[in-house]
Amino acid sequence: MWPNKPDDFAANHKAPADADSGDAWYFVFRRGELICNTSQGAPEPVTADEFRWFDMEVRSKHFLGHYLNRPCFAVAAKGTMAEGYVTLGLRGLLGRTNQSLFYLAGRAQQIIEWHESHEFCGRCGTGMEEHAQDRAKQCPSCQLISYPRLSPSIIVLITRGEEMLLARNAAWPNGMYSTLAGFVEPGESIEQTLHREVKEEVALDVTNLQYFGSQSWPFPNSLMLGFHAQYAGGDIVCQEGEIADAQWFSATNLPQIPPKTAISGWLIQEFLDQLEK
Ligand SMILES: [Zn+2]
């Protein structure tokens, strides 16, 4: 169930001549939300044929590749969509559509966001041009190359015997607890990030890091690397302003936790499954 196998999607940033066909999928984003067709139940992107009936102006269009042989484009557009369609933010799409489509929509939104925020060279201010080979932009004046940005981060479930440490972020709704997470800093290995984040957020030491899997998390451009780690020492001290509460929980007194569509929920479920065995 987790996206750890080759996908049904074949990425390619150069569109073949026949790619823009009537049944091509257009991931159309308007004001940060995806325009969806929900006539089959689960939300789907609109086809090129459907989009032709929309009274919308295309701001930019980017070929993504093929999903099950169907060409896919990211389209940034403004104007009025036709009646009978809905717009959904990526969070609203999560869990309501199949995983491949969610990650494809995330890819589309990230490429559009990158395109719109890298119109000019960050070093000399000249207008950027498309790179000849790669999904990248290059400055014709100073040659600076810009690739779509990803922000790697770690996410970790700390365990102690049959207990797990779950924390509540200061910004979350009451009652919701999850695993610890944090961004990788320049110069760090993933493992060093994990030890630093755990120390900063709850003042604990951990050992026996076990890598479980990763998830693209397009809010806005994270790549989450998921671990289990064992408690090695220390008393919980919550980082002020960041962690409102952190506690040891067992399988029988779990608080409200994230769904399995998020890697945090999946890391917790994996541990619960291990306990059952
Ligand atoms: Zn430049």
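Welcome to the tour. Start by displaying the C-alpha atoms of the first two domains: the centres of domain 1 and domain 2 lie 25 Å apart. What you have open is a predicted model.

**Stop 1: the domains**

Colour the protein chain by its three domains: 9-117 is domain 1, 118-148 is domain 2 and 151-276 is domain 3. Now look at where domain 1 meets domain 2. Seven residues of domain 1 make contact with four residues of domain 2. On the domain 1 side of this meeting point, four residues are polar, two are nonpolar and one is charged.

**Stop 2: strand β2**

Next, select residues 25-30, which make up strand β2. How many of the six residues of β2 are buried? Five of them are, so the rest of the structure largely encloses this strand.

Keep β2 selected and add its partners one at a time. Begin with strand β6, residues 70-80, which runs parallel to β2 and is joined to it by five bridges. To find this pairing in the viewer, pick F29 and look across to A76 in β6.

Then bring in β3, which pairs with β2 in the antiparallel sense over two bridges. F29 is again a handy marker, since L34 of β3 stands opposite F29. β2 and β3 form a hairpin with two residues between the strands, and R31 there has a positive phi near 50 degrees.

Residues 44-47 come next: this is strand β4, which is antiparallel to β2, with two bridges between them. Click on Y26 and you will find V46 of β4 as its bridge partner.

A general reminder may help while you rotate this view: strands of a sheet pair through backbone hydrogen bonds, in either a parallel or an antiparallel arrangement.

**Stop 3: the hairpin of β3 and β4**

Stay here and select residues 33-37, strand β3, which runs antiparallel to β4 and is joined to it by two bridges. Which residue of β4 is the bridge partner of C36? Look for P45. Six residues lie between β3 and β4 in this hairpin, and G41 in the turn takes a positive phi of about 105 degrees.

**Stop 4: an open sheet of three strands**

Move on to β8, β9 and β10, which line up in that order as an open, antiparallel sheet. The edges are β8 (129-130) and β10 (145-146); each has a single partner strand, so one side of each has no neighbour in the sheet. Strand β9, residues 137-138, pairs with β10 over two antiparallel bridges. Select Q138 to see I145 of β10 opposite.

**Stop 5: helix α4**

For the last stop, select residues 190-202, helix α4. Try a distance check between its end C-alpha atoms: they are 18 Å apart, which agrees with the 18 Å that 13 residues should span at 1.5 Å a residue.

Now show the side chains of L194, H195, E197, V198, E201 and V202, the buried residues of α4. They lie on the same side of the helix, because they cover an arc of only 165 degrees around its axis. As a general rule, an α-helix has 3.6 residues a turn, so residues three or four places apart point the same way.

What do the buried residues of α4 pack against? Show β11 (151-160), β12 (163-169), β13 (180-183), β14 (205-217), β15 (222-233) and β16 (243-249) to see their packing partners. Finish at A203, just after α4, where phi is positive at about 60 degrees.

Note on methods:
Residues numbered from 1 in each chain as written. Predicted model: local features only at pLDDT ≥ 70, side-chain atom pairs only at ≥ 80, totals over all residues. Domains from an automatic or database assignment. Contact = placed C-beta atoms within 7 Å. Nonpolar A, V, L, I, M, F, W, Y, C, P; charged D, E, K, R; others polar. Pairing = 2+ DSSP bridges. Helix = DSSP H or I, 4+ residues; strand = E, 2+ residues; numbered from the N terminus. Expected span 1.5 Å × (residues − 1). Buried ≥ 20, exposed ≤ 12 C-beta atoms within 10 Å, placed from the backbone. Arc of directions from axis to C-beta.
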